[in-house]
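Please look through the structure shown here with an eye to its aromatic side chains and to one of its pockets. The paragraphs that follow take these topics in turn.

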Amino acid sequence: MLRWTQQIGRMSASGVLPGLLAALLAGGCTGAEAPAKGGAPAATLAVPAELIGSVWQAKMAVAQNRAPFEGRDPWIRYFQGQRSTALAGFASENDKPALARLHAEYAAIYRQMAMTAAWATLHTWGTDAQPSDPVAMPLLVGIAGAMLREAQWSERLKSLDGAPGLSPDLAAQQRAWQAWVAGGSVWPPPLDGIAGLPDPAQAQAGSLPEISGLPHWRLPYQGESGELAVSHPAALLAFARWHEAAAAAADPASAAAVARLIDPWRLPGEPRSTTGSPVFADSLLFMSPYMTGGDIAFVAALSADPAGNDPAARYAALEAAIQAHGADSPVAAIVAQCRIALAQDEKPGSGWQMGVDCVQSQAALLVKAVEAKMDEVAGAPQDFHRSFAEYARVGVLRSAALAAAAMGDREGMGLLRINALDRSMGNTRDPLFVSSVSAWDASNRNSLRCADLLHELESNVPGMEAARLPVDALQIRIGRNSAPAGAMH
């Protein structure tokens with residue numbers, strides 16, 4: 001049986017994960033630190049010792065607990081970041097919980113990719129609209145705005161009239177999306193009539209559908225020669241819904257737990273799962289940034305927005321999540337320790353911001369504590385302990401970034417997300433987190449890194465062209481708009 005120690009050694013020697021795991025096993029640091037912000041670094045770990053004993057890493061220090069995962073090619077592929085290959089392997093083994101988990105990851109990834117496409121569409125042909133843009137672009141911008149619940153743009157969708165030269169299929173899209181917005185934008189949005197999309201009603205666990213029919217339209221410029229190749233901003237939502245249906249079909253017994261995995265990554269206005277108290281099996285936690293089921297439940301609770309943008313309701317929900325999961329979520333314990341109370345006159349409408357220095361310090365302390373617990377449980381240090389412990393660091397950084405976002409602390413969220421991206425390398429650099437940074441970059445008009453991240457995802461996530469088309473257009477438009485007006489000497 002191929003042990004994790006053997007697998008890590010072979011991958012390091014063969015260059016499958018170039019130099020990373022060798023650095024991890026040597027105890028070296030990876031990635032650059034993000035700029036610091038607030039919150040004194042804590043010398044004492046906020047996570048109780050008994051909670052550290054319940055993390056998946058501590059469980060996997062016991063050979064008997066690792067046995068269901070060890071020596072299996074799909075999990076080795078998953079460890080290497082080869083999600084599409086792992087999916088096929090889990091299907092061939094009929095591993096229902098693993099299939100459900102991986103389809104849930106894809107459901108979340110495609111939601112982030114849909115947001116990437118929507119933000120790039122909105123910025124390229126909305127914020128930076130040009131007179132020569134095709135006549136259909138206000139419609140696609142309006143659809144993107146409706147998806148993102150950006151009222152400035154979705155309201156324009158309501159007032160659009162049929163434009164000269166609008167093709168019958170685009171006119172049908174306009175009617176459908178106008179009706180959706182007028183009806184209160186009740187989920188799901190209208191996805192009929194878009195070529196090449198999978199039908200969620202036909203979802204099959206273990207499959208990975210490809211996109212076809214791209215570009216969806218080639219639209220002539222106004223007053224200029226040439227055509228613009230565009231994709232529908234909502235196309236990738238169909239893939240998200242297909243994979244969510246596949247996850248539910250793969251393992252109905254874990255459906256509630258799987259829905260919680262998707263919750264943090266749903267679109268604005270999309271309903272979150274709120275029923276039941278799911279049990280998170282080892283197969284849902286192993287090699288994930290969530291150390292316990294409490295981490296998943298805590299982060300899922302952060303995504304809920306019970307009263308729109310009302311700060312008081314948002315802080316009440318965050319406080320309730322901390323109280324509910326402070327005893328079963330290492331992340332909740334760290335967030336409780338690292339939040340900084342603000343005076344109302346300092347930042348109106350807010351109560352907290354995230355102490356970034358504190359979070360980084362706590363993440364480093366947690367890695368040491370988790371590795372020490374694994375050594376203790378196993379009876380001696382083993383090579384894979386440090387590699388597995390590093391999941392705790394990126395898990396804290398990513399989840400604390402989501403907590404900062406829930407607080408309305410955009411600066412803290414950004415710093416933590418950048419730090420998490422720098423730290424997410426090799427086995428801890430999963431496609432879901434990469435896709436979330438891509439969507440964030442698109443929202444901030446950072447088209448260069450966004451395009452690089454999309455390229456990184458191509459081998460694992462079919463259909464990236466639907467997001468790459470608007471991102472490439474945004475990159476070109478930003479470049480043209482920032483070019484000097486005259487010759488430079």
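In this predicted model, the charged end of Arg 83 is placed over the ring of Tyr 78, at 3.7 Å from the centre of that ring. A second arrangement of this kind involves Arg 339, which lies over the face of Trp 352 with 4.1 Å to the ring centre.

Tyr 78, the ring beneath Arg 83, also belongs to an aromatic cluster, whose members are Trp 56, Phe 69, Trp 75, Tyr 78, Phe 79, Phe 90, Phe 286, Phe 384, Phe 388 and Tyr 391. The count of aromatic pairs in the model comes to 15, and one of them is formed by Phe 388 and Tyr 391, whose rings meet edge-to-face, 6.4 Å centre to centre and with 70 degrees between the planes. Because these two residues are 3 residues apart in helix α19, which covers residues 383-407, about one helical turn separates Phe 388 from Tyr 391. Are these two side chains buried or exposed? Both Phe 388 and Tyr 391 are buried.

Turning to the pocket, the second largest one has a volume of about 240 Å³. Its lining is made up of 13 residues, and those that lie nearest its centre are Gln 80, Gly 81, Arg 429, Glu 456 and Asn 460. Two helices, α21 (431-443) and α22 (447-457), each contribute at least two residues to the lining of this second largest pocket. By residue class, the lining consists of 4 nonpolar, 6 polar and 3 charged residues.

Methods
Residues are numbered from 1 along each chain as its sequence is written. This is a predicted model: local features need pLDDT of at least 70, side-chain atom pairs count only at pLDDT 80 or more; totals for chains, interfaces and linings use all residues. Side-chain values use heavy atoms; hydrogens and water are left out. On a 1 Å grid over the protein atoms alone, a cavity is a set of points where a 1.4 Å probe fits but cannot get out, and a pocket is an open set with protein on both sides within 12 Å along at least five of seven lines; lining residues have an atom within 4 Å of a point. Grid points are joined across faces, edges and corners, and a volume is the space filled by probe spheres set on the points. Helices (H or I, at least four residues) and strands (E, at least two) are DSSP runs, numbered from the N terminus. Ala, Val, Leu, Ile, Met, Phe, Trp, Tyr, Cys and Pro count as nonpolar, Asp, Glu, Lys and Arg as charged, and the others, Gly among them, as polar. Rings of Phe, Tyr and Trp (its six-membered ring) pair if their centres lie within 6.5 Å; planes under 30 degrees apart count as stacked, over 60 as edge-to-face and the rest as tilted. Buried means under 20% relative accessible area, exposed over 50%, partly exposed in between (1.4 Å probe, protein chains only). A charge sits over a ring if NZ of Lys or CZ of Arg is within 6 Å of the ring centre and within 35 degrees of the ring normal.
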